[in-house]
Every structure is written in C-alpha cells, then in structure tokens.
Amino acid sequence: MLYQPRWQTYPLCNSQSGLGWPILPNGYLPLNLPLDGLRGAFLEAYAANRSNGDRSTVEGNPVGLAILKLIQDDGRWSGTMTELKTILRNRYPLLTDDPYSFPRQENKLSAAIRRIIPPLRRMSVEISFARQGQSGERAIRIEKS
C-alpha cells in the first residue's frame, strides 16, 4: 500500500495573504515545494552568519589575527615556521606576548595555524605547507587569494 501523506496548510509569514504552504503531519515541508524565495533568503542569512562566525573566530585567535594583519601589510609571505614566529613576535608584540594564547614553540604554532586555516581561507587568505630544498626543510607560504 502506498503511503499518502495528509496535508495541512499553514501560513508561512502572513495569514492575511491567503498563501499557505503544505505541511506534512510530521511538521516537514515536502521536497517538491517551490522554495525559490525562501531558499534565497535562507542562503543570504546563512552566508552572513558564516561570515560573522569566521571573522569572530579569526579575531578571537591571536595567531589568526597576527597572520591576517601580516597579509594585510605585506600581501604574501613565505619561509619557515621559525621565521614566521620571529616576524610575528617582532611586528605584533601586543598580540604575541601572552604565552598562554600565542604558542612559543614552532610545532604548537603550526598546529594553531592548521586549526585556523578554514576560516582564513574563506576570508581569502591561502596558507600552504611544503618541503623545499635537498634537506626537506618545511616551508609555509601565506598569500592573499
């Protein structure tokens, strides 16, 4: 036997408009419903929310904020993690002096950078790790995309 859902109509926003959306008994909208207006509004709100979340994530993280300021000042940077730590400490001492929020060791700085890569990428900052030279020295490249 084929399941036939019972439909109920509830107004979405304005009950005076006479427009109602069919709602399944379990409270969900059917999949074949034209939601162009709703989809656009939802995606705009979602994008704004995600952008605000990314910005607050980076601004709340001293490593992310220092990297963002470095890229805004220079545009691109490449070198080793030791060089990056030295440059960030010299240029932005207010962000990097706290031993509890800014890592002192290169491997901890690398881990903090790897955690902050996704929101920075959405803010148009590309970070890539590679090995260079015969010795296989680990290099990091940061640039505005």
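## Exercises on a predicted model

The side chains of Glu143 and Arg141 form a salt bridge, with 3.0 Å from N to O. Keep in mind that this is a predicted model. Let's work through it piece by piece.

### Exercise 1: the Glu143 pair

**Task.** Find out whether Glu143 is buried or exposed, do likewise for its partner Arg141, and work out which residues share a salt-bridge network with them.

**Solution.**
- Step 1: start with the acid. Glu143 has a relative accessibility of 17%, and the cut-off for buried is under 20%, so Glu143 counts as buried.
- Step 2: turn to the base. Arg141 comes out at 43%, which makes this residue partly exposed.
- Step 3: widen the view. Arg76 joins Arg141 and Glu143 in a network of salt bridges.
- Step 4: put a total on it. The structure has 6 salt bridges.

### Exercise 2: bridges that span the chain

**Task.** Take the salt bridge between Arg91 and Asp74 and the one between Glu106 and Lys85. Which helices does each pair link, and how accessible are the four residues?

**Solution.**
- Step 1: look at the Arg91 side chain, which meets that of Asp74 at 2.7 Å, N to O. This pair ties together distant parts of the chain: Arg91 belongs to helix H3 (residues 81–91) and Asp74 to helix H2, 17 residues apart.
- Step 2: check how open the two ends are. Arg91 has a relative accessible area of 40% and is partly exposed; Asp74, at 38%, is partly exposed too.
- Step 3: move on to Glu106 and Lys85, whose side chains meet at 3.1 Å, N to O. Here the link runs between helix H5 (residues 106–122), home of Glu106, and helix H3, home of Lys85, with their positions 21 residues apart in the chain.
- Step 4: check accessibility again. Glu106 is partly exposed at 27%, whereas Lys85 counts as buried at 15%.
- Step 5: see what sits beside this bridge. Gln105 lies in the loop between helix H4 (93–96) and H5, and Gln105 counts as partly exposed at 45%. The C-alpha atoms of Gln105 and Lys85 are 8.5 Å apart, although 20 residues separate the two along the chain.

As a reminder of the principle, opposite charges on side chains can pair when the charged atoms come close.

### Exercise 3: helix H2 from end to end

**Task.** Why does the end-to-end distance of helix H2 agree with its residue count, and what is found at its start and just after it?

**Solution.**
- Step 1: count. H2 covers residues 62–74, which is 13 residues.
- Step 2: predict the span. The expected value is 1.5 Å times one less than the number of residues, so H2 should span 18 Å.
- Step 3: compare. The C-alpha atoms at the ends of H2 are 18 Å apart, so the two values agree.
- Step 4: inspect the start. A side-chain oxygen of Asn61 comes to within 2.9 Å of the backbone nitrogen of Val63.
- Step 5: inspect what follows. Gly75 comes after H2 and has a positive phi, near 95°.
- Step 6: list what is hidden. The buried residues of H2 are Pro62, Val63, Gly64, Leu65, Ala66, Ile67, Leu68, Leu70 and Ile71.

### Exercise 4: helix H1 and its surroundings

**Task.** Which residues make the nonpolar surface patch of about 340 Å², and how far is the C-alpha atom of Arg50 from that of Pro119?

**Solution.**
- Step 1: name the members. Phe42, Leu43 and Tyr46 make the patch.
- Step 2: place one of them. Phe42 is in helix H1 (residues 36–59), and with a relative accessible area of 53% Phe42 is exposed.
- Step 3: recall helix geometry. With 3.6 residues a turn, residues three or four places apart in an α-helix point the same way.
- Step 4: follow H1 to Arg50, which counts as partly exposed at 37%. Its C-alpha atom is 9.2 Å from that of Pro119, 69 residues away along the chain.

### Exercise 5: Ser110 and the whole chain

**Task.** What does Ser110 touch, and in what pattern do the helices and strands run?

**Solution.**
- Step 1: locate Ser110 in helix H5; at 13% relative accessibility, Ser110 counts as buried.
- Step 2: leave out residues up to four places away in sequence, and Ser110 touches Met81 and Phe129.
- Step 3: zoom out. The chain has 5 helices and 5 strands, in the order β-β-α-α-β-α-α-α-β-β.
- Step 4: finish with totals. Of the 145 residues, 30% count as buried, and the chain exposes about 10,200 Å², 52% of it from carbon and sulfur atoms.

Technical notes
Residues numbered from 1 in each chain as written. Predicted model: local features only at pLDDT ≥ 70, side-chain atom pairs only at ≥ 80, totals over all residues. Heavy atoms only, no water. Helix = DSSP H or I, 4+ residues; strand = E, 2+ residues; numbered from the N terminus. Buried < 20%, exposed > 50% of the residue type's maximum accessible area, 1.4 Å probe, protein only. Polar contact = N/O pair within 3.5 Å; in protein donor to acceptor, adjacent residues only side chain to side chain. Salt bridge = Lys/Arg side-chain N within 4 Å of Asp/Glu carboxyl O. Areas by Shrake-Rupley, 256 points an atom, 1.4 Å probe, with all protein chains shown as cover. Patch = residues over 30% accessible without salt bridge, like charges linked within 9 Å, V, L, I, M, F, W, Y side chains within 5 Å. Contact = heavy atoms within 4.5 Å.
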